[in-house]
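Biologist: I would be grateful for a close look at a single part of this chain, namely its mixed sheet, beginning at one of its hairpins. Please then describe how the surrounding elements are arranged.

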Amino acid sequence: MSISEYEKAKKLGDKAFRADISKGVHPYLPVLDDILTKEDIVGEVNLGLVNIPLDRVVGTSTASRTNTFARNFMPVMDINTEFGLKWSSLCDAHLKEGIHDPIKVYEFMNYYYVVEGNKRVSVLKYFKADSISAFVTRKVPKLSDRKDIKIYYEFMDFYKKTGVNYIWFSNEGSFAKLISLVGEDNAPEDMSVSSFGSVAETAGEVKVVTRTEFGKVWSEDKTREFKASYYRFEKAFNETNGGKLTHITPGDAYLGLLELTSFDKLCDFSYDDTVKAIKSVWQEFLVMEEHYKVEVSLNPPEAKRSLISHILPASYSASRPLKIAFLYDREPAQSDWLYAHELGRNHIKEVFGDRIVALKITTASTETEAIEAMSELIEKQGVEVIFTTTTRLLDASLKTAIKYKNVKILNCSLNTSHRYIRNYYARLYEVKFLSGMLAGIMTETGKIGYIADYPIFGNVANINAFALGASMVNPSSKVYLKWTTIKNSGGISEIYRSLEEDEGVDIISDQDMITPNRASRRFGLYKVKDGEPRNMAMPVYNWGVLYERLIDLIINDSWASADSEKESTPINYWWGLSSGVVDLILSEKLPMQVERVVSTLKGLMTRNRFVAFSGGIVSQDGTERCKPDEEMNVDDIIMMDWLCENVIGKIPSKDELRERARPIVEMKGVIKEDNEDTSVS
């Protein structure tokens, strides 16, 4: 029987060999000795006896055995050779009593290369075994800025905490995110002694040890639950075409599904449940496969009715209105941001009249409440369109959209890479540039204050655009940046005192608008004189214009044509001055010449004849971010994680933020490492 098994295994080896030859790929096993000649290894760690995943065993340590196996570890030697006979004999032993003797391997970058036991690996791979016992020695590469090495160092830390070696990710931060989503058990100290090796995670010195103690974050029960859940998912994922996705790992996909459900639910899933879950979020995996590419719509698409829509009666009318809901996480009157969206809701009620019903829901302060509110709106009130107005509601929006695929759900956030929802935001940085230019003209000290709240995508572009506007008309001007969401800031009164007394600023860019129940003149751009603010300009969001254009697409049956052409590409609407979604209101008390300068440039920007992020732009660290004769592309503007050279201040790290700010920043924030100093003094 073992001879026939060998012949089957050899056919698999021959097939893989021919396929590699046709693609111009080396057809034999990779050799670690050849790979390591190109790498800087800083140490070895003896991990002891470990159960290792067979799909991570990819090669051999030396070249002596490489030509006896194809790249898939199947044999290519003739059955009548000594090798063929030994493989067959080992196959017989496995079928009778199993293979129990451990092999020896080197582990490098979470792949395993066999020192002793190549045939044992081959036989077990042929029988589709999951794992094999091995004495493992880890070869540690020098820490560098290479993405794969940074991920590997994250894996080493994850491995010390969990003992899990069978999951892998293609993006930084994923291992820590997995621990966060699965949850920590704070395993007792008596569970912490392990044979797992440890290595100092620095580029300079590596301390090699063979045994260490560490506090595990998962109990043995949770580790077993995780393993069962992950292997069930991996099998289902690969059998539902996941194996054809070449740019994401099963671990990436598992983490993506985990973010949309919960660990407890995934553990309770049967195999069939897992397959259904994978199919329900398949478009999310396609987005991940495309490296989270997002299509950004910078201008409103035209609402063009199809020929059949001209023949048929109007889709929505007083007798059958389009039911829309706006979801807020608190009462709009408590927030200038939400109040602006509420004005937008009232705007569309006036524009569309009885053709729409625009509901307001303000009880969604948590994700659970938001999901329940949206589900009730859809199931009991027949709502067809939902606008969720804050980044905090993003996850709830996505989970609801996956469940109710026929409902149009849009979340107000920037650069969100999810295919089941659309996102919208406003290019406020355009009017911030104009506001900064005005501040640069009107300052008497050359010192300008800027008060920001959350260090999230979009806000950093606003800060930099303001600074660029100021420097364009006043090259020596400085912008002093303060954040209201950092710990120990002393509150807004202390921020005002610090800017005006310590820094000596005479103009401040503050919150963009005020709400009716919080009367104050400290909004927009104002000059401070004798301790009193004198308003000069106010950036505004005209959300009603954006909502009107989006609803017009739906009513005129143009929603599908305004979507991305690729199934794997999410779409974000990011409209600015040219669409009327943002504007800058100037004080009538400004000098006429100053008003003319600002209004003239505003007209050029509205007609897309002037771009804020263009020309020579240099960041605080001296890096040239944009050449003098170029314009920055949209992705670089959205993903800004740096500040212009004339900004005095820094982007805060996550540890520096107040607790209430961290969830938003973790979701859509420009997160700096806690030990990374981005300050300029």
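Modeller: The hairpin in question is formed by β17 and β18, with 2 residues between the strands, and aspartate 530 in that turn has a positive phi of about 55°. The model is a predicted one. The two strands of the hairpin run antiparallel and are joined by 5 bridges. Lysine 529 has glutamate 532 of β18 as its bridge partner. As for its surroundings, β17 is largely enclosed by the rest of the structure, because 4 of its 5 residues are buried.

From the hairpin, the sheet can be followed in both directions. On one side of β17 lies β16, and these two strands pair in the antiparallel sense over 3 bridges. Within this pairing, isoleucine 507 stands opposite lysine 527 of β17. On the other side, strand β18, which spans residues 532–541, is joined to β20 by 5 bridges, and these two strands also run antiparallel. Here tyrosine 541 is placed opposite valine 582, a residue of β20.

The whole sheet is open and contains 7 strands in the order β20-β18-β17-β16-β14-β15-β23, with mixed pairing. Its edges are β20 (582–586) and β23 (647–648); each of these has a single partner strand, so one side of each is left without a neighbour in the sheet. In general, strands of a sheet pair through backbone hydrogen bonds, in either a parallel or an antiparallel manner. The parallel sense is found here between β14 and β15, which pair over 6 bridges. In that pair, isoleucine 448 stands opposite valine 479 of β15. Strand β14 is mostly covered, with 5 of its 6 residues buried.

A helix is also in contact with this sheet. Helix α17, residues 459–473, lies across β14 (447–452), β15 (478–483), β16 (507–509), β17 (525–529) and β23. Its direction is at about 165° to that of β14. The list of strands crossed by α17 thus includes β17, the strand that enters the hairpin with β18.

Two further helices may be considered next, α16 (residues 429–442) and α20 (residues 592–606). They pack at an angle of about 160°, and their axes are 10 Å apart. An angle over 145 degrees counts as roughly antiparallel, and α16 and α20 are therefore roughly antiparallel to each other. Their crossing is right-handed. From α16, the contact draws on Glu430, Phe433, Leu434, Met437, Leu438, Ile441 and Met442, while α20 contributes Val594, Val597, Val598, Leu601, Lys602 and Met605. By class, this contact has 11 nonpolar and 2 charged residues, and no polar ones.

Another helix pair occurs earlier in the sequence numbering: α3 (residues 82–97) and α4 (residues 118–126) have axes that come within 10 Å and cross at roughly 60°. That angle makes α3 oblique to α4. The crossing of α3 and α4 is right-handed. On the α3 side, the contact is made by Phe83, Lys86, Trp87, Leu90, Cys91 and His94; on the α4 side, Lys119, Arg120, Ser122, Val123, Leu124 and Tyr126 take part. The residues of this contact divide into 7 nonpolar, 2 polar and 3 charged.

One residue outside the sheet of the hairpin also deserves attention. Glycine 59 is found in strand β2, which covers residues 57–60. Glycine 59 is buried, its relative accessible area being 0%. Leaving aside residues up to four places away in sequence, glycine 59 touches Leu29, Pro30, Phe73, Tyr112, Tyr113 and Val114. Between glycine 59 and serine 229 there are 28 Å from C-alpha to C-alpha, and the two are 170 residues apart in sequence.

To place these parts in the chain as a whole: the chain has 22 helices and 23 strands. Its C-alpha atoms fill a box of roughly 95 × 65 × 50 Å, taken along the principal axes. Of its 681 residues, 52% count as buried. Among contacts between residues at least 6 apart in sequence, 73% join residues at least 24 apart.

How values were computed: Residues numbered from 1 in each chain as written. Predicted model: local features only at pLDDT ≥ 70, side-chain atom pairs only at ≥ 80, totals over all residues. Heavy atoms only, no water. Axes fitted to C-alpha atoms, helices over the stretch in contact; angles between N-to-C directions. Parallel < 35°, antiparallel > 145°, perpendicular 65-115°, else oblique. Left-handed = near helix turned anticlockwise from the far one by under 90°. Contact = heavy atoms within 4.5 Å. Nonpolar A, V, L, I, M, F, W, Y, C, P; charged D, E, K, R; others polar. Pairing = 2+ DSSP bridges. Buried < 20%, exposed > 50% of the residue type's maximum accessible area, 1.4 Å probe, protein only.
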